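Me: I would like a close look at one part of this protein, the cavity inside it. Please describe the cavity and its lining, and then the parts of the fold around it.

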Amino acid sequence: NLENRFIEILQRQKVVNEYTVSLEQFKEKSEWTRNEKIKCNNLTLEQNALKDLVVRAEDILLEDATTIVFPDIVNQLKDDMSTVIESLKLNDTSKITQAMEREIVQSLEEMIESLQKAREDAKNDAKNSKDKGGNNSNPNQLISQSSELKLLRKMQLRVNRMTKLFKEELKNQDMTNTSKNLKKVYEKQKQVLEITRKMNERRQQ
């Protein structure tokens with residue numbers, strides 16, 4: 001069950017985020033000891049484990065041909081987790097890392113919301129079909145096209161937020177790492193445009 005998988009990932013991701021904030025707060029007051037470095041390494045391992053769970057969910061979605069947006073969101077989620085993993089490996093619990101972790105949580109919450117709505121819609125459709133003696137027109141559709149459009153808009157908002165954040169950080173942080181992250185955001189923008197094109201093609205069919 002995809003919904004349950006994402007709920008588990010979300011719950012565990014929130015714990016990672018909380019510890020990341022806690023470690024950064026400690027760093028602002030005092031230099032990390034061996035204990036803090038071990039905690040950060042444990043966070044890296046947990047984030048990597050969560051990424052593996054996302055990869056498994058992605059495999060399931062790739063077998064589902066009824067949704068255009070969902071697989072790409074999961075792919076972006078996986079990439080964001082990879083970015084966080086690389087940061088945590090360097091003991092980087094900074095504002096950028098925390099922002100990426102918040103985006104991961106938001107993506108998960110949005111996907112869970114869409115799946116829950118699809119489940120409720122399916123129940124209502126089944127009830128209406130039974131009452132009217134008809135059949136659900138799209139019984140196997142993962143989420144509705146309106147939900148896909150909503151997710152697409154939220155993807156664009158995430159791209160906008162991260163573009164703004166990384167551009168601001170170019171003034172303060174290491175130019176190489178921030179430029180690299182900014183390039184990743186530009187790739188996300190390309191994905192959004194490609195998804196939009198696919199959805200338009202499907203609507204015209």
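Reply: The cavity comes after a short account of the model and the fold, and selected residues follow.

This is a predicted model, in which local features need pLDDT of at least 70 and side-chain atom pairs count only at pLDDT 80 or more, while totals for chains, interfaces and linings use all residues. Residues are numbered from 1 along each chain as its sequence is written, and side-chain values use heavy atoms, with hydrogens and water left out.

The protein has six helices and zero strands; from the N terminus on, the order of elements is α-α-α-α-α-α. Helices (H or I, at least four residues) and strands (E, at least two) are DSSP runs, numbered from the N terminus. Of the 205 residues in the protein, 41% are buried. Buried means under 20% relative accessible area, exposed over 50%, and partly exposed in between, with a 1.4 Å probe and protein chains only. A contact means heavy atoms within 4.5 Å. Among contacts between residues at least 6 apart in sequence, 79% join residues at least 24 apart.

Now the cavity. Rolling a probe the size of a water molecule over the atoms shows where empty space is left. Here a cavity is a set of points, on a 1 Å grid over the protein atoms alone, where a 1.4 Å probe fits but cannot get out; lining residues have an atom within 4 Å of a point. Grid points are joined across faces, edges and corners, and a volume is the space filled by probe spheres set on the points. By this rule there is one cavity of 30 Å³ or more. The volume of the largest cavity is about 170 Å³. Its lining consists of 18 residues, and those nearest the centre are Asp 80, Met 100, Met 162, Val 185 and Lys 188. Four elements give two or more residues each to this lining: α3 (69-89), α4 (95-132), α5 (145-169) and α6 (175-204). Helix α3 has the largest share, with six residues. By type, the lining has eight nonpolar, four polar and six charged residues. For this count, Ala, Val, Leu, Ile, Met, Phe, Trp, Tyr, Cys and Pro are nonpolar, Asp, Glu, Lys and Arg are charged, and the others, Gly among them, are polar.

Individual residues in these four helices show how the elements meet. Thr 83 is in helix α3 and is buried, because its relative accessibility is 7%. Leaving out residues up to four places away in sequence, Thr 83 touches Met 100, Asn 181 and Lys 184. Met 100 is also one of the residues nearest the cavity centre.

Leu 165 belongs to helix α5 and has a relative accessible area of 11%, so this residue is buried. With residues up to four places away not counted, Leu 165 touches Lys 95, Ile 96 and Ala 99. From Leu 165 to Ala 99 the C-alpha distance is 8.6 Å, although 66 residues separate them in sequence. Leu 182, in helix α6, is buried as well, because its relative accessibility is 8%. Its C-alpha atom is separated by 6.5 Å from that of Thr 163, which is 19 residues away along the chain.

Two acidic side chains are also buried. Glu 110, in helix α4, counts as buried because its relative accessibility is 7%. Apart from neighbours within four places in sequence, Glu 110 is in contact with Leu 151, Lys 154 and Arg 158. Glu 148 lies in helix α5 and, with a relative accessible area of 0%, is therefore buried. A polar atom of the Glu 148 side chain lies 3.2 Å from the backbone nitrogen of Val 69.

The last part is the nonpolar core. In soluble globular proteins, nonpolar side chains tend to be buried together. A nonpolar core is a set of buried Ala, Val, Leu, Ile, Met, Phe, Trp, Tyr and Cys residues joined through side-chain atoms within 4.5 Å. The largest such core has 47 residues, of which Phe 6, Ile 9, Phe 70, Leu 108 and Met 111 touch the most other members. At least two residues of this core come from each of α1 (2-29), α2 (34-62), α3, α4, α5 and α6, and α4 gives the most, with 10 residues. Leu 108, neighbours within four places in sequence aside, is in contact with Phe 6, Ile 9, Leu 10, Gln 13 and Leu 77.

Methods
1 Å grid on protein atoms, 1.4 Å probe; cavity = no way out; pocket = protein on both sides within 12 Å on 5 of 7 lines; lining within 4 Å. Polar contact = N/O pair within 3.5 Å; in protein donor to acceptor, adjacent residues only side chain to side chain.
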